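Reader: I'm new to this one and would like a close look at a single part of it. Could you pick one strand, walk me through it slowly, and then show me what lies around it?

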Amino acid sequence: MQIKILAFCGSSRRDSLNQKLLDTAVLGALDAGAQVSNIRLLDFPLPIYDGDWETEHGLPERARALKAVIAEHHALLIATPEHNGGYTALLKNTLDWASRPIESDPTGLEVFAGKVAAMVSASPGVLGGMRAQIALQISMNKLGLLVIPNAFALGLAHQAFDEKWLLKDANAEKSVRGLGAALVTTASTLAPKSNHSECGTYPDEAVPLGSSSLANLKSESGRLHP
Ligand SMILES: Cc1cc2nc3c(=O)[nH]c(=O)nc-3n(C[C@H](O)[C@H](O)[C@H](O)COP(=O)(O)O)c2cc1C
């Protein structure tokens, strides 16, 4: 079975250092034989979570779409900047909406259950966003995700990439690609045993965007690897 990995970044910035690092990990996952959907959260514009709004309107269509996309994958590969010692509001808001219940996911968390995740972070600071990873790991464990131990925090990240968005340090490149590969290996081990071996689907809500929930996500933002 080919492992499907969903990759996304907690920064929507055009020249995001975290997106560059994520793209390196994605290369490792691809080399390990996975299929990777490297989406942009800009393509899922969501309001800041508000309980009254949800009671009145239900889940936003984009949140339903996001849940459907997550359901189609075995594992998550996430990059996050550190904002004031935590992970970003964009990423938090995305995970919060994705964890809300819908008809086919009454707990809201079934979409995450039994799946594997890996994280990377990058920062111009020396710690490379490590504090954000601690906060993110707590959230991901709460969601029911198994986070592999191969995390990578890239310090001084503003000096770390060349003009082609490749890491200048060969050892760092090897580690980050290795992280992507390790995610595939762990997901391969666990996927047949999990309830999501077929990457759970959402028959009622799965396709709000068209014939495939990923079909319309070909970056409206146009922010792709150069
Ligand atoms: C509101 C805000 C808070 C930040 N807080 C931290 C921080 O706590 N630690 C850190 O290393 N960098 C911090 N930074 C700097 C970010 O790491 C830096 O802007 C980084 O490049 C953002 O990631 P990106 O390049 O992927 O967009 C902060 C930046 C902003 C805008």
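Author: Let's start with a bit of vocabulary: helices (H or I, at least four residues) and strands (E, at least two) are DSSP runs, numbered from the N terminus. Read that way, the elements of the protein chain go β-α-β-α-α-β-β-β-α-β-α-β-β-α from the N terminus on, which gives six helices and eight strands. Residue numbers start from 1 along each chain, following the sequence as written. Keep in mind that this is a predicted model, where local features need pLDDT of at least 70, side-chain atom pairs count only at pLDDT 80 or more, and totals for chains, interfaces and linings use all residues.

That pLDDT is the predictor's confidence in each residue, from 0 to 100. The protein chain averages 88, and 85% of the residues score at least 70. Residues 194-198 are a weak spot, with pLDDT below 50. The same goes for residues 200-226, also below 50. Where pLDDT is low, the predicted coordinates should not be read in detail.

Now for the part I'd pick: strand 6, residues 116-122. To talk about how enclosed it is, we need a count: a residue is buried if 20 or more other C-beta atoms lie within 10 Å of its own, exposed if 12 or fewer, and partly exposed in between, with C-beta atoms placed from the backbone. Across the protein chain, buried residues make up 43% of the 226 residues. In strand 6, seven of the seven residues are buried, so the strand is largely enclosed by the rest of the structure. You can check this face by face: Val 116, Ala 118, Val 120 and Ala 122 sit on one side, Ala 117, Met 119 and Ser 121 on the other, and all of them are buried.

Who are its partners? Two strands pair if DSSP finds at least two bridges between them. Strand 3 (residues 75-80) runs parallel to strand 6, with six bridges joining them; look for Ala 75, whose bridge partner in strand 6 is Val 116. Strand 7 (residues 146-147) also pairs with strand 6 in the parallel sense, over two bridges, and here Ala 117 faces Val 147. Then comes strand 8 (residues 152-154), again parallel to strand 6, over three bridges, with Ala 122 opposite Leu 154.

Ala 117 turns up again when you look at the largest nonpolar core. Such a core is a set of buried Ala, Val, Leu, Ile, Met, Phe, Trp, Tyr and Cys residues joined through C-beta atoms within 7 Å. This one has 62 residues, and Ile 5, Ala 29, Leu 77, Ala 117 and Leu 183 touch the most other members. Its largest share, seven residues, comes from helix 3 (residues 61-71). Leu 183 is a handy one to click on, if we say two residues are in contact when their C-beta atoms, placed from the backbone, lie within 7 Å. Leaving aside neighbours within four places in sequence, Leu 183 is in contact with Val 116 and Ala 118 of our strand, and its other contacts include Ala 75, Leu 77 and Ile 148.

Step off the end of strand 6 and you enter the loop that leads to helix 5 (130-143), where Pro 124 is found. Pro 124 is partly exposed, because 15 other C-beta atoms lie within 10 Å. Beyond residues up to four places away in sequence, Pro 124 is in contact with Leu 156, Ala 157 and His 158. Its C-alpha atom is also 9.2 Å from that of Ala 160, although the two are 36 residues apart along the chain.

The ligand brings us back to this stretch. A residue is near a molecule or strand if its C-beta atom, placed from the backbone, lies within 6 Å of it. There are 15 residues around the ligand, and Ser 11, Asn 18, Pro 81, Ser 123 and Gly 125 come nearest. Helix 1 (17-31) and strand 4 (82-83) each supply at least two residues of this shell. By type, the shell divides into four nonpolar, nine polar and two charged residues, where Ala, Val, Leu, Ile, Met, Phe, Trp, Tyr, Cys and Pro count as nonpolar, Asp, Glu, Lys and Arg as charged, and the others, Gly among them, as polar.
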